[in-house]
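Trainee: I should like to learn how the features of a protein model are read. May we look at one together and take its features in turn?

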Amino acid sequence: MTHALPNSFEHVRARYAERTPASRALYEGALRDLPGGETRTSTFFQPHPLFMARGEGAILFDEDGNRYLDFLGNYTSLIHGHAHPRITAAITRQLPLGSAHGACTEAQNRLASLIKSRVASVERIRFANSGTEAVMQAVRTARAWTKRHVIVKMEGGYHGSWDGVMIGVKGKDRIPPGVSRSIAEETLTIPFNDPAAARRLIEERGQEIAAVIVEPMLGSTGAIPADPEFLSTLRRGTAAAGALLIFDEIQTFRLDPGGAQAVYGVTPDLTTFAKVIGGGLPIGAWGGRADAMDLYDPRRTGFISHPGTFNGNALAMVAGAAALELLTPGEISRINALGDRLRAGLRQAATASETAVTVTGMGSMAQVHFAAGPVTDYASAAAADKQRAAALHLALINEGVFTSPTCRFAVSTPMTDDDVDQAVSGARAAFTALAPLTAA
Ligand code: PMP
């Protein structure tokens, strides 16, 4: 019932449409060839998605020439922004030497040792091409190591688009269309940040559980940090049951040189990585205990096979190494402090326009939820008003601030205090533009 939308929302939508006719035209063209006009669910939003023309540092330009401060950072992966000169140089040095050689390269040794030198729990690591693949392999590692089949994940935990972890992304035990029913029987979900539920399940079914997989901060569900007690309960429970604990650090690795596991002081058996470790190119990796990871050693009888045409391809390896070299402890602290500044500013901006929101996050990541809060798990995040979030997303775009369609922000190293302050001013204007809606 579009006529029921408040005027302020209609106004924001109309302004968005006025500013983005080139994106609209490209979207209409795309509708002829791509279902829904896109090829990535997470880049779609109404009334039409933006088409970007170029990115430079923290700035994006769309096909109409509008300029944006990029707080999406390709969903937290572009920690150094777009086209960082050192990463671009690493890729352009490698390109004439070949992109993928069908053989081992020194570049993969280098990225492996860079990650290992940072993350204490990683004794061995392997590369894949996406976070989805990394998670799939980490679960396979756990199943092969424990000779068990059940995995436990969080309600609202997003670990990629592989069947085994799609269960419960949108609430308890929900099986998305097309996902295997039989795999659903081997996937149990518990609420995030509920140590009692975790203890209960592990006590009841511990002997069947191969692994518990958890993000130290629920990323896609809304930048919701774990309570330290929850993670230590999972650690103790899995250890007692002989199951493996997998931390999905695909988003949270950016929070500390040693990943979120260093922040919490909880050591998982296996960790999955992607996003920032690829320097902007497609990548995935998983690593951890040598005894479990060595199941992939092809010299062993009955080893786990893990082929993959582009595993360890030289371009992603050199881009990733350049990105990690740039990601010094000092830079991580600096962008985490910018994240603190952003969260405080967003809260003030909402208060100034009498808008009730909860701003979650940690370090360089933040999210605005239209909920009185606290937002601590999937249920409390799902209860937030999604229509208002969609309206804020468009209003922020109108103010030159690009975030996820759910209003999630990631700070990148090209950003300064000024950029964060500009985003906060944009947010103040956006909340004000929506005030009749948000105060409704
Ligand atoms: N795990 C987490 C925590 C993620 O955020 C994502 C991607 N958003 C994935 C896994 C999947 O990674 P990819 O999109 O590279 O397959």
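Trainee: How many bridges join strand 5 and strand 7, and in which sense do the two pair?
Mentor: Strand 5 and strand 7 (residues 209-214) are paired in the parallel sense over 3 bridges. Two strands pair if DSSP finds at least two bridges between them. Helices (H or I, at least four residues) and strands (E, at least two) are DSSP runs, numbered from the N terminus. Within this pairing, Ile151 has Ala211 of strand 7 as its bridge partner. Strand 5 also pairs with strand 6 (residues 187-190), again in the parallel sense, over 4 bridges. There, Val152 stands opposite Leu188.

Trainee: On what kind of model do these readings rest, and how are residues numbered?
Mentor: This is a predicted model, in which local features need pLDDT of at least 70 and side-chain atom pairs count only at pLDDT 80 or more, while totals for chains, interfaces and linings use all residues. Residues are numbered from 1 along each chain as its sequence is written, and side-chain values use heavy atoms, with hydrogens and water left out.

Trainee: Is strand 5 mostly covered or mostly open?
Mentor: In a regular strand the side chains alternate between the two faces of the sheet. Strand 5 (residues 150-154) is mostly covered, since 5 of its 5 residues are buried. Buried means under 20% relative accessible area, exposed over 50%, and partly exposed in between (1.4 Å probe, protein chains only). Val150, Val152 and Met154 lie on one side of strand 5, Ile151 and Lys153 on the other, and all are buried.

Trainee: Which strands stand at the edges of the sheet ordered 13-14-16?
Mentor: That sheet is open, with 3 strands in antiparallel pairing. Its edges are strand 13 (358-362) and strand 16 (408-410); each has a single partner strand, so one side of each is left without a neighbour in the sheet. From one strand to the next, the twist averages 15°; for such angles, axes are lines fitted to C-alpha atoms, for helices over the stretch in contact, and angles run from 0 to 180 degrees between N-to-C directions. Strand 13 and strand 14 run antiparallel and are joined by 5 bridges. One example is Gly361, whose bridge partner in strand 14 is Ala366.

Trainee: How many salt bridges does a search of the whole structure find?
Mentor: Side chains of opposite charge can pair when their charged atoms come close. The search finds 16 salt bridges, a salt bridge being a side-chain nitrogen of Lys or Arg within 4 Å of a carboxyl oxygen of Asp or Glu. Among them is the one between Glu208 and Arg205, at 2.8 Å from N to O. Glu208 is partly exposed at 35% relative accessibility, and Arg205 is partly exposed at 28%.

Trainee: Which distant parts of the chain does the pair of Arg289 and Asp269 link?
Mentor: The side chains of Arg289 and Asp269 meet in a salt bridge at 3.1 Å, N to O. Arg289 is in the loop between strand 12 (284-288) and helix 12 (290-293), and Asp269 is in the loop between helix 11 (260-264) and strand 11 (270-274), 20 residues apart. Arg289 counts as partly exposed at 26% relative accessibility, whereas Asp269 is buried at 7%.

Trainee: Is Arg388, the partner of Asp385, buried or exposed?
Mentor: Arg388 counts as buried, at 18% relative accessibility. Asp385 is partly exposed at 26%, and the closest N and O atoms of this salt bridge are 3.0 Å apart. Elsewhere, salt bridges that share partners join Arg235, Asp269, Arg289 and Asp291 into one network.

Trainee: Where are cis peptide bonds and positive phi values found?
Mentor: Most residues other than glycine have a negative phi, and most peptide bonds are trans. Here, the bond from Gln46 to Pro47 is cis, with omega near 0°, and Pro47 is in the loop between helix 2 (21-30) and strand 1 (52-56). The bond from Gly373 to Pro374 is also cis, with omega near -5°. As for phi, Asn74 in helix 3 (residues 73-76) has a positive value near 40°. Thr76, also in helix 3, has a phi near 75°. Asn74 is partly exposed at 30% relative accessibility, while Thr76 is buried at 4%.
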